[in-house]
Amino acid sequence: MSSQPQTGQQCPACGAALRPGARFCPECGRPVTQTAAPAVTQGESAQAVASQAPRIQGEEPDPGANAPPTTAAPGDAASQEPPGELGVGSVKSAEAAASCQVLLQAVPPAVRFYVQQALRQLFGLDSRGAQAYIAAAPVLLATGLTPEQAEQVRAALAQAGALVAVQGASPAEVTTGPTPEPEPEPEPEPVHRIGASVRVIRGLVERPGLRTVTGLSTGNTCSYVAHARAQGRELLTNTDMIRCDGRTAIPAVLRPAGAGLPLAFGSLALDSWPAQPQLVHLGLLEAIGQDDGTAKGLMRIYLQALAQRTSDVLGAGALDFSQGAATYLGVPADWGEDRAALLAQAATEAGFAVVELVPEPLAAIAHHLQQGTLRPPRRREWLLVVDWGGQGLRLSFVERGGKLAEPMVFEHLELPLGGAWYDAALEQWLLEHLPAELEDEDRRSLSLFAREFKEQLSQSFADGRPEHAQYCVIPAGAPPTRLRLSRADFEALCGQASERLGAALVEAVQRVGLRPTHLQHIVLVGGSARWYFAREAIRTSLGRVPLIGPHPEEAIARGLVACMSQQP
């Protein structure tokens, strides 16, 4: 024990006597305040306790006073029970016999800022303290809370994008170590309806020097082209994206040359659609292999324009197969060989040096392997890839490891619950709030505006704003209309989609003969993955936080490039 003068105050963690003005306990080294923080009892919130905790008069709060110990690794006892002004990590009172605890399990990098703000508001932390909690995850945030209080904390942090767990346990059962792993279950045998894997079209040209690697992801709504430089099969540069009109998402829209008009593709063709719908072609990918070959010809023209744009950015020879260039082409997992061959043929004729056809779910996994958020399997395991794009919700089940030399998609389901569903709902809402009846051309313009409104509204809500406001200049010639939609009204308008998403996920897992606990990972990609409720809907329905990168709509294209270095 320390021989320093005593004040009658004791360390709330170990009970050691404290000297006057002590900021840290001389025995356990934990930060303390001049008066021990009051314990949380049922009926009190963690925020209220934090607001009552005294600070040293005239001094700024010490960032270390609410930060986990820096010497403890995440998962250790010290990091699981952060001390400080919250005073809730070690509460063990008889009044809290049926208490709940809240654990911050993980914070995706893309949402750290929002989670930091939520922690500051909930617990009265400063910026450095909140950052320390995030860095120490998984970490115990609070114990001794009522179920209602715990749910308030969980909902606020989950809304910000964090993975949070609420556990009901008596204080005697609360442990500060890692959550014990459940007992292993017997290995299931899921239903294998398909067997989609990487298909090699032609071998790489072996030559000295650098080569350009491109990943081409074509979709019903937008296409993406990623690129990097490699030597042999080793990527030497970070993957970047080709941009048109300043955006990586290139609309899959074509207006062929004719009627006195030049060829247009991407945003330029899409902008001409309201006035010239008979000249503009949408949904090129969906029609391939489903008609007399017209769709393949249109796709070839579209990809020629895309290849020309790629060559303009990367330089002549970037797509020249004889100079070592290689293009990895993404294909939907449920496409047969004949249909995939038509797409590969169109891309090759357009100028891309296609060497492999890669099922899109496997490209998404390759992206996360490259980013380090996934690791190569040590045993047989199953993954679910949720591709939430503009036209639909694609659910693909992947098996890897065990006796498989390479991963394989063994089931693929597609539901009409993509971004277009929200576009239609918002378009109807916009119609009700515009001042005049619309002509056909204005209705088509409104369809495009609804998509833009959806994207900006999604960003506003992800930034934590309670409502989104935007001006609309439709119909043409009318004064601008200021449109405002609150988050509550949006959820009332489109709330069914979140419920349908959760139900579709549970049904899909059961359909293949698995349970959510059998899934080692869930990967979330696609433009609709940016919705603020997407992660929470998956966590609630399947019990796992999905892996999602900062640019989920680009994940497949970037993963196609990563396939270069991950193929044997």
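**Entry 1: a strand pair**

I started with strand β14 (residues 381–388) and strand β15 (residues 393–400), which pair in the antiparallel sense over eight bridges. I keep in mind that this is a predicted model. Picking one position to look at, I found V385 standing opposite S396 in β15. A reminder to myself: strands of a sheet pair through backbone hydrogen bonds, either parallel or antiparallel.

**Entry 2: the sheet around the pair**

Which sheet holds these strands? I traced an open sheet of four strands in the order β16-β15-β14-β19, and its pairing is mixed. At the edges I found β16 (408–415) and β19 (519–525), each of which pairs on one side only. I also looked up the turn between neighbouring strands here, which is 15° on average when direction is ignored.

**Entry 3: helices on the sheet**

Next I checked what packs on this sheet. Helix α10 does, and I see it touching β14, β15, β16 and β19. The direction of α10 makes about 65° with that of β15. Helix α14 (residues 534–542) packs on the sheet too, touching β14 and β19. For α14, I noted a direction about 155° from that of β19.

**Entry 4: α10 meets α15**

I stayed with helix α10 (residues 360–371) and looked at helix α15 (residues 555–566). Their axes come within 7 Å and cross at roughly 75°. Angles of 65 to 115 degrees count as roughly perpendicular, so I can call α10 and α15 roughly perpendicular to each other.

Which residues of α10 meet α15? I listed E360, A363, A364, A366, H367, L369 and Q370 on the α10 side. Across from them, in α15, I have A555, I556, R558, G559, L560, A562, C563 and Q566. Sorting this contact by class, I get nine nonpolar, four polar and two charged residues.

**Entry 5: the cores**

I then went looking for nonpolar cores. The largest has 50 residues, and L384, F397 and F490 touch the most other members. Helix α13 (residues 487–511) gives this core its largest share, eight residues. I also found a second, separate core of 37 residues, with A230, A333, V525 and L560 among its members. L560 was already in my notes as one of the α15 residues that meet α10.

L384 falls in the residue range of β14, and F397 in that of β15. F490 falls in the range of α13.

**Entry 6: β1 and β2**

I moved to an earlier part of the chain. Is strand β1 (residues 100–106) mostly covered or mostly open? I found it mostly covered, with five of its seven residues buried. Four bridges join β1 to strand β2 (residues 139–145), and the two run antiparallel. Looking up one partner, I matched L104 with V139 in β2.

**Entry 7: V115**

I picked one residue, V115, in helix α3 (residues 112–123). Is V115 buried or exposed? The cut-off for buried is under 20% relative accessible area, and V115 has 0%, so it counts as buried.

What does V115 touch? Leaving out residues up to four places away in sequence, I noted V107, I134, L157, A160, G161 and A162. I also checked Q131, which is 16 residues from V115 along the chain; their C-alpha atoms are separated by 9.1 Å.

**Entry 8: the whole chain**

Last, I stepped back. I count 15 helices and 19 strands in the protein chain. Of its 568 residues, 51% count as buried. I also looked at contacts between residues at least 6 apart in sequence: 67% of them join residues at least 24 apart.

Key. Residues are numbered from 1 along each chain as its sequence is written. This is a predicted model: local features need pLDDT of at least 70, side-chain atom pairs count only at pLDDT 80 or more; totals for chains, interfaces and linings use all residues. Side-chain values use heavy atoms; hydrogens and water are left out. A nonpolar core is a set of buried Ala, Val, Leu, Ile, Met, Phe, Trp, Tyr and Cys residues joined through side-chain atoms within 4.5 Å. Buried means under 20% relative accessible area, exposed over 50%, partly exposed in between (1.4 Å probe, protein chains only). Axes are lines fitted to C-alpha atoms, for helices over the stretch in contact, and angles run from 0 to 180 degrees between N-to-C directions. Angles under 35 degrees count as roughly parallel, over 145 as roughly antiparallel, 65 to 115 as roughly perpendicular and the rest as oblique. Contact means heavy atoms within 4.5 Å. Ala, Val, Leu, Ile, Met, Phe, Trp, Tyr, Cys and Pro count as nonpolar, Asp, Glu, Lys and Arg as charged, and the others, Gly among them, as polar. Two strands pair if DSSP finds at least two bridges between them.
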